[in-house]
Amino acid sequence: MSSAESLEGRHPTKRNTEETALDRTQSRPPRSQGIHGVREAARADKKLRFNNLLHHVTVEVLRDNFYELSRAAAPGVDGMKWHDYEVDLEERLIDLHGRIHSWIFPGAYRALPSKRTWIPKADGKLRPIGIAAIEDKIVQAAVRCVLQAIYEEDFVDISYGFRPGRGAHQALDALSYGLNKLRVNWILDADIQGFFDNIDHQWMMKFLEHRIADKRILRLIHKWLKAGVSDQGEWSAATVGTPQGSVISPFLANVYLHYVLDLWICQWRKHQSEGEVIVVRYADDFVMGFTNRETAERCLTALRARLAKFGLSLHPDKTRLIEFGRFAQERREKRGEGPPETFDFLGFTHRCSRTKKGYFLVTRTTIASRMRKKLQAIKTELRWKRHHPLGEVGRWLGQVVRGWLQYYAVPTNSQRLRQFVDEVTKYWYFEIGRRSQRGRDAWNWTRMHRIAHRYLPRPRILHPYPVDRFLARLKVRAV
């Protein structure tokens, strides 16, 4: 109550007690502070361009994102590891913050090139990975947090990869729901060839400028795109692409495909499709389902042209249009053809199947090649750990198997789960037998099963049925 109201004996009005200095008229909505305010503004106005974002990158935000980084990550070209940077952390972050925000010397913060390394892919080939310097990781993570507040209000529901609250299993649930419940007869299994290596920088910056008007933020992103890579000490410029493996790359990839693919396919589906069309995208890997083959072929032709406009193309060997769905098997039998083809998505092979009561069901099993690769890696590591204490090896194996099961333990995959645990147990048994001169005479399978039961988790389904979880998620979002 104000002093005047107190002296006059008047009761304060409800409006006076709730009004703030920032909310003086009915036409001006209350303005929240911080990143939450950015999110509210982005939700309220889909065409708003933000011109003052960098001030959200504070020392506190830099510190929080530093502690979110992996402590065991390999160092970049600066050679600085996480624990090395933690020494005198506050002084380092204050200095880094000053260089980012410097108006006098805009180039005080310099992005270092990514350190190139190579990791094996599932098909046996090598994938280039860029490892950023630790300060670049910190700043990229902080900028990503700010920009996500805007773009999470823009991204559409078909996108699942590298987004807060979304992941591979949510994408798999959405796909399973569409295949089991909607009229899907054809599947377009698509893969963009060399996506991260072919992102056009000019288009990337144009897309960002639809929402971002803060030149300092745009300058930072342009620096990261142009920083180049260092491969065994040899620096090379980057004219296209963004290093796969850097902190900011997945977010930039989502922004790029949001404008190139997601918005376009939503409009195409609304205005040009016949029958039902489902789309599920996880990063550069996506699956589309169609009722009619003609619609699928027209979409594929239009999609190739759309991607070409922005410097992208579909992989000729990994992009297929296949007959799939509840009527695929009987239609193929009438034509004298074999069973419906399968397709792989996010680590699982999807097949047309039937329940015991004869209802259509899409089954998902671990991709065989991926399971073989994982088992081979475990077998190799067991050889190195052959003479380590039994308990140490058991605890390590338990963590590995538990992590594998947490992802792959979905309904209809029970056989693969049992096979995986049995193979791991067998490899461990053989390595134990090689520890002593007595060989396997010192061990038998009864004793081995007791040890395996002690350290290895049992193969069991950990995830609910995808349709049930998908519908439960929709109800939570509706509330």
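**Exercise 1. The largest pocket**

Task: In this predicted model, determine how many residues line the largest pocket, which of them lie nearest its centre, and which element gives the largest share of the lining.

Solution: Begin with the lining as a whole, which in the largest pocket is made up of 48 residues. Those that lie nearest the centre of this pocket are R127, D191, D285, K318 and R370. Next, assign the lining to secondary structure: at least two residues each are supplied by the strands β1, β2 (126-131), β3 (186-191) and β9 (343-345), and likewise by the helices α11, α14 (368-384) and α15 (390-408). Of the elements, α14 gives the largest share of the lining, with five residues. Finally, the space in the largest pocket comes to about 1700 Å³.

**Exercise 2. The surroundings of S114**

Task: Locate S114 in the secondary structure, decide whether S114 is buried or exposed, and list its contacts beyond the neighbours within four places in sequence.

Solution: The residue S114 belongs to strand β1, which covers residues 114-120. Its relative accessible area is 7%, and because buried means under 20%, S114 is classed as buried. Once the neighbours within four places in sequence are left aside, the contacts of S114 are V77, G130, I131, A132, G228, V229, S230 and P243.

**Exercise 3. Aromatic pairs between helices**

Task: State how many aromatic pairs the model contains, and then work out the geometry of the pair Y151 and F251 and of the pair W428 and Y455.

Solution: The count of aromatic pairs is 24. Among them, Y151 and F251 have ring centres 5.6 Å apart, inside the limit of 6.5 Å for a pair, and their planes stand at 75 degrees, which is over 60, so the arrangement is edge-to-face. This pair joins distant parts of the chain, since Y151 is in helix α7 (residues 134-151) and F251 is in helix α11 (residues 249-271), with the two positions 100 residues apart. Y151 has a relative accessibility of 0% and therefore counts as buried; F251, at 3%, counts as buried too.

For W428 and Y455, the ring centres are 6.2 Å apart and the planes meet at 70 degrees, so this pair is also edge-to-face. Here too distant parts of the chain are linked: W428 lies in helix α16 (residues 414-433), while Y455 lies in helix α17 (residues 445-455), and the two are 27 residues apart. Both W428 and Y455 are buried.

**Exercise 4. A ring cluster and two charges over rings**

Task: Identify which residues are linked into a cluster by ring pairs, and find which rings have the charged ends of R92 and R364 over them.

Solution: The cluster formed through ring pairs contains F195, F196, W203, F207, Y256, Y259 and F310. Turning to the arginines, the charged end of R92 is placed over the ring of Y85, at 5.2 Å from the ring centre. R364, in turn, lies over the face of F348, and the distance to that ring centre is 5.8 Å.

**Exercise 5. Testing for a disulfide**

Task: Decide how many disulfides the model contains, and explain why C266 is not bonded to C299.

Solution: The number of disulfides is zero. The cysteine sulfur closest to that of C266 belongs to C299, at 11 Å, and because a disulfide needs sulfur atoms within 2.5 Å, this separation is too far for a bond. The surroundings of the two cysteines can then be set side by side: C266 is partly exposed, with a relative accessible area of 21%, whereas C299, at 0%, counts as buried.

**Exercise 6. Positive phi and loop positions**

Task: Find where F162 and L346 lie, state what phi each has, and then place A237.

Solution: F162, although not a glycine, has a positive phi of about 55 degrees. It is located in the loop between α7 and α8 (168-181), and with a relative accessible area of 43% F162 is partly exposed. L346 also has a positive phi, near 55 degrees, and is likewise a residue other than glycine. The position of L346 is in the loop between β9 and β10 (348-354), where L346 is buried, with a relative accessible area of 14%.

A237 occupies the loop between β5 (234-236) and α11. Its relative accessible area is 54%, and as exposed means over 50%, A237 is classed as exposed. From A237 to Y259 there are 22 residues in sequence, and the C-alpha to C-alpha distance is 26 Å.

Notes. Residues are numbered from 1 along each chain as its sequence is written. This is a predicted model: local features need pLDDT of at least 70, side-chain atom pairs count only at pLDDT 80 or more; totals for chains, interfaces and linings use all residues. Side-chain values use heavy atoms; hydrogens and water are left out. Rings of Phe, Tyr and Trp (its six-membered ring) pair if their centres lie within 6.5 Å; planes under 30 degrees apart count as stacked, over 60 as edge-to-face and the rest as tilted. Helices (H or I, at least four residues) and strands (E, at least two) are DSSP runs, numbered from the N terminus. Buried means under 20% relative accessible area, exposed over 50%, partly exposed in between (1.4 Å probe, protein chains only). A charge sits over a ring if NZ of Lys or CZ of Arg is within 6 Å of the ring centre and within 35 degrees of the ring normal. Contact means heavy atoms within 4.5 Å. On a 1 Å grid over the protein atoms alone, a cavity is a set of points where a 1.4 Å probe fits but cannot get out, and a pocket is an open set with protein on both sides within 12 Å along at least five of seven lines; lining residues have an atom within 4 Å of a point. Grid points are joined across faces, edges and corners, and a volume is the space filled by probe spheres set on the points.
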